[in-house]
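Reader: I am new to reading structures. Could you take me through one part closely, the place where the ligand sits, and then show me how the rest is laid out around it?

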Amino acid sequence: MADTLYDTDLIIIGGGPAGCAAARMAASVGMRSILIEPDRLCRNLYRIPALNNVLGGYTSGPELADAITTELKSTELCRLELGRFVTDLRADEVHVTVTVDTGARLTAPYVIVATGVGPLQPRDVAWITAPDGLALPPLWQAEAHDVEGRTLLVLGGDRPIGTFLRANPTTDTRLLVAYPATDEYKIEEIRDDLRVTLLPVEHLTLGATEGILVSAETLGHDAARQTITADAAYLSIGNAPTAPSGDLTRGADGYCPPSDQRPRVIVAGDVRSARFQRIMTASGSGGEAALRAYYAAGELLKS
Ligand SMILES: Cc1cc2nc3c(=O)[nH]c(=O)nc-3n(C[C@H](O)[C@H](O)[C@H](O)COP(=O)(O)OP(=O)(O)OC[C@H]3O[C@@H](n4cnc5c(N)ncnc54)[C@H](O)[C@@H]3O)c2cc1C
């Protein structure tokens, strides 16, 4: 179906459940696609130890991710560009142009943006003061061998702390969880875990001290100041949408509502909205996005 003017029928940015579902659906209706992903396919699913809300009998994230990866690798109409990320996206009335980190440009009649969300950093929240430019990894991405026997300062009380504890049920890791009052309702599920020390704070100032990997000054709700030290710091503040620069319309919250985009730009998965962020909803929206491109292309061919 691809016109010689284009590199492919459909460019898919992001290889999570939404992007992978889009590629499978596109192939099922005869559309060629190029899927660009900087990491491995479904990288986030590899960190989810237990699943109870997906169809197909999958009970763990890695099991589902492996199955999706096998399917994608055997999808002849989908060209996988792994280890690459998109730096810019341009769209006009006729086509889209995507720039990859190598500088290469790809063109297609349609693009699906399925780039998901990434962790909020200390600079994004008012209750933390941190050194300029500091970027920390989210706790749920920590590997067991990195954290075994260590004390970790966790910034924020968002729910992935529970995921981490369930993924590492026997790890001898101590978590010092510093969280603002707005996270109070989220920490219930970790309150009774003996590896967790809860530190409700008004404010936290993060610094680095020679000989100690991480140190922080906390100001508690009772105005008491405390200095805490840890082997490393991780994030559990929350997420923000990730999307390449260029012709994408973002709302005030940074998300990219599908209905606000240019005609040739289709958005799928978690990057759409802070609501409905689940594997099945992301996959469904990815499949729908590919069909949207397919039907739109059909209309063009008729005219
Ligand atoms: C700790 C944790 C536990 C979870 N547990 C569950 C659960 O039990 N059940 C459930 O249903 N959901 C769960 N979720 C949510 C689920 O993982 C997401 O809803 C789902 O992965 C969203 O899929 P997506 O394809 O929209 O985005 P993602 O899975 O985030 O995939 C987006 C992809 O886009 C890539 N990307 C980003 N920027 C670019 C770029 N510029 N160029 C190219 N590629 C780019 C990223 O590398 C990423 O691989 C959990 C999430 C987390 C973090």
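Author: Start with the two domains. This is a predicted model, and in it the C-alpha centres of domain 1 and domain 2 lie 32 Å apart. Domain 1 covers 10-116 + 242-302, while domain 2 covers 122-235. Where they touch, domain 1 supplies four residues and domain 2 supplies five residues. On the domain 1 side, three of these are nonpolar, one is charged and none is polar.

Now the ligand. Which domains give residues to the shell around the ligand? Both domain 1 and domain 2 do, so the ligand lies between them. The shell holds 35 residues, and the closest are Gly-14, Gly-16, Ala-18, Gly-116 and Gly-269. Four elements each give two or more residues: helix H1 (17-28), strand E2 (33-37), helix H4 (160-167) and helix H5 (279-302). Sort the shell by class and you get 17 nonpolar, twelve polar and six charged residues.

Take H4 from that list. Its residues Pro-160, Ile-161 and Phe-164 are buried. Look down the axis of H4: the buried residues fall within an arc of 110°, so they line one face of the helix. What do the buried residues of H4 pack against? Their partners are strand E10 (151-155) and strand E11 (174-179).

Follow the chain past E11. The loop between E11 and strand E12 (196-200) holds Tyr-185. Is Tyr-185 buried or exposed? A residue counts as exposed with 12 or fewer C-beta neighbours within 10 Å. Tyr-185 has 8 inside 10 Å, so it is exposed. Compare its place with that of Ala-27: the two are 158 residues apart in sequence, and their C-alpha atoms are 44 Å apart in space.

Go back to H1, which also helps to surround the ligand. The largest nonpolar core has 50 residues, and Leu-10, Ile-13, Ala-22, Val-111, Ile-112 and Val-113 touch the most other members. H1 gives seven residues to this core, the largest share. Val-111 shows how the chain comes together. Set aside its neighbours within four places in sequence, and Val-111 is in contact with Ile-11, Ile-13, Leu-89, Ala-91, Val-96, Val-98, Arg-264, Val-265 and Ile-266. Another core lies apart from this one. It has 30 residues, including Ile-128, Val-147, Ile-190 and Ile-237.

Notes: Residues numbered from 1 in each chain as written. Predicted model: local features only at pLDDT ≥ 70, side-chain atom pairs only at ≥ 80, totals over all residues. Near = placed C-beta within 6 Å. Nonpolar A, V, L, I, M, F, W, Y, C, P; charged D, E, K, R; others polar. Domains from an automatic or database assignment. Core = buried A, V, L, I, M, F, W, Y, C linked by C-beta atoms within 7 Å. Buried ≥ 20, exposed ≤ 12 C-beta atoms within 10 Å, placed from the backbone. Contact = placed C-beta atoms within 7 Å. Arc of directions from axis to C-beta.
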